[in-house]
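Me: I'm new to this structure and would like a close look at a single part of it. Could you walk me through that part slowly, and then show me what lies around it?

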Amino acid sequence: MSKYILAIETSCDETAASIIKDGTEIISNVVSSQIDSHKRFGGVVPEIASRHHVEQMTIVIEECLTQAGMEPADLAAVAVTEGPGLVGALLIGINAAKAFAFAHGLPLVPVHHIAGHIYANALVQPMEFPLLALVVSGGHTELVYMKEHGSFELIGETRDDAAGEAYDKVARVLNLPYPGGPHIDRLAYEAEEAVPFPRVWLEEDSYDFSFSGLKSAVINYKHNMDQRGEEIIPAHVAKGFQDSVVEVLTAKTVRAAREYGVKQVIAAGGVSANKGLRNALESAFIEEDIPFFVPPLKLCTDNAAMIGAAGFFMYEAGVRGDMKMNGKPGMELKTWIE
Ligand code: KG4
Ligand code: ZN
């Protein structure tokens, strides 16, 4: 019999709920974005995020059930993002999940936000192991090796800024609205020339990343131009920055895929919505003859469908939360198959 999971995600600035069938099929997927409320501050304001989640949470869950044409009795479990994220924001989703689970006698499944991003791919095609995931979001930049469902080995990560964070900071230098990633992506796509910026490779055998030097190079370039009284061309800066990020992310992902001999490579997280990155990874893995997948744009940025996908596989593996569950802002990505 098919199993339906209600999933809830409130780790940052999207209040989201979704119903997922058997971890692979979206029955309903509702995302209420707060971006407009945070835009004027140039970033997410935690207190405002929590307030929005409180206002939206019940409406979003009800909408999600209505769109699916389902009753709580049709569900097998409630999955919810336990961390990482903003603690006040996480707690709204966790408490809603607890209340819903308690009221309807359903088990709770606590999900790691990044596991969710990775499992967005299960909604697109079956995951095949061993697998390599490039996770690029606002808070994370990681290469994750998975030998089976629920097994995560971190083989590389950023030593400073996450890729999305670098995008958002550079966008600010270019006076682009928050979140800056999509704007830089668009400008870079239109540009014919690129300002040359460095590539940060770190040690030869390292799968780690570093983006703060690149961010500083962009800031320095802007200062130098300002001092000389010259105007920068934002599109050329955007392309220079993006070319550097994409080249390093792609090269390290290809090298890791070869070394670990994976059957599949996937990209995940908000920055995997980036056109330049998607194109570069797609062509690189055609060349390597390794299947590469990236979810459609709306499943790359934060949503609850991905939490429902990961939640299903965790539910099947017997992972359960309880009424003592708490938000874990710094939660680590750990295996769930012990
Ligand atoms: O995964 P996500 O929605 O939230 C986190 O878990 O952090 O990622 C948000 C990040 C932001 O930094 C945003 O600027 C970036 O993803 N982003 C992009 C694009 N779309 C969103 N970065 C580059 N190109 C894009 N098209
Ligand atoms: Zn995310």
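Which residue in β4 is the bridge partner of Ile-8?

Reply: Keep in mind that this is a predicted model. The bridge partner of Ile-8 in β4 is Val-80. That pair is a handy place to start, so to speak, and we can work outwards from there.

Ile-8 belongs to the β1 side of a parallel pairing: β1 and β4 run together over four bridges. On the other side of β4 comes β5, and that pairing is parallel too, this time over five bridges. Val-80 shows up here again, standing opposite Pro-110 in β5. In general, strands of a sheet pair through backbone hydrogen bonds, in either a parallel or an antiparallel way.

How covered is β4 itself? Mostly covered: seven of its seven residues are buried. Here "buried" means a relative accessible area under 20%.

Now zoom out to the whole sheet. It is an open one with five strands, in the order β3-β2-β1-β4-β5, and the pairing is mixed. The edges are taken by β3 (25-33) and β5 (108-112), each of which has a single partner strand, so one side of each has no neighbour in the sheet. Neighbouring strands are turned against each other by 20 degrees on average, if you ignore direction.

The antiparallel part of the story is at the β3 edge. Strand β2 (residues 14-21) pairs with β3 in the antiparallel sense, over eight bridges. If you'd like one pair to find on screen, look for Lys-21, whose bridge partner in β3 is Glu-25.

Next, the helices that pack on this sheet. Helix α2 (residues 46-68) touches β1 (4-9), β2 and β3, and its direction makes about 25 degrees with that of β2. Helix α11 lies across β1, β2, β3, β4 (77-83) and β5, running at about 120 degrees to β5.

α2 also has a helix to pack against. In general, two packed helices are described by the angle between their axes and the distance between those axes. For α2 and helix α3 (residues 87-104), the angle is about 35 degrees and the axes are 9 Å apart. Their crossing is right-handed. On the α2 side, the residues that meet α3 are Ser-50, His-53, Val-54, Met-57, Ile-61 and Leu-65. On the α3 side you'll find Gly-88, Ala-89, Ile-92, Gly-93, Ala-96 and Phe-100.

Follow the chain from β4 towards α3 and you pass a loop that holds Pro-84. A cis peptide bond joins Gly-83 and Pro-84, with omega at about -10 degrees. There's another cis bond elsewhere, from Tyr-178 to Pro-179, again with omega near -10 degrees. Pro-179 sits in the loop between α5 and α6.

One more stop: the zinc ion (ligand 2). Its protein donors are His-113 (NE2), His-117 (NE2) and Asp-302 (OD), which lie 2.0 to 2.1 Å from the ion. Along the sequence, these donor residues are spaced H-x3-H-x184-D. His-117 is in helix α4 (residues 113-119), while Asp-302 is in the loop between α10 (297-300) and α11 (305-316), so this pair ties together parts that are 185 residues apart in sequence. Both His-117 and Asp-302 are buried. And if you remember α11 from a moment ago, that's the helix lying across β1, β2, β3, β4 and β5.

What about cysteines? The structure holds zero disulfides. Cys-300, for example, is in no disulfide: the nearest cysteine sulfur is that of Cys-12, and it is 16 Å away. Since a disulfide here calls for sulfur atoms within 2.5 Å, you can see why Cys-300 doesn't pair up at that 16 Å distance. Cys-300 is buried, with a relative accessible area of 0%, and Cys-64 is buried with a value of 0% as well.

Finally, a couple of backbone oddities to spot if you keep exploring. Leu-202, in the loop between α6 and α7, has a positive phi near 60 degrees although it isn't a glycine. At 30% relative accessibility, Leu-202 counts as partly exposed. Asp-289 also has a positive phi of about 60 degrees without being a glycine, and its place is in the loop between α9 (275-288) and β10 (292-293). At 68% relative accessibility, Asp-289 counts as exposed.

Note on methods. Residues are numbered from 1 along each chain as its sequence is written. Chains are lettered from A and ligands numbered from 1 in the order in which they are written. This is a predicted model: local features need pLDDT of at least 70, side-chain atom pairs count only at pLDDT 80 or more; totals for chains, interfaces and linings use all residues. Side-chain values use heavy atoms; hydrogens and water are left out. Donors are N, O and S atoms within 2.8 Å of the metal (3.2 Å for Na, K and Ca); water is not among the atoms, so sites may look incomplete. Helices (H or I, at least four residues) and strands (E, at least two) are DSSP runs, numbered from the N terminus. Buried means under 20% relative accessible area, exposed over 50%, partly exposed in between (1.4 Å probe, protein chains only). Two strands pair if DSSP finds at least two bridges between them. Axes are lines fitted to C-alpha atoms, for helices over the stretch in contact, and angles run from 0 to 180 degrees between N-to-C directions. Contact means heavy atoms within 4.5 Å. A crossing is left-handed if the near helix is turned anticlockwise from the far one by less than a right angle, and right-handed if clockwise.
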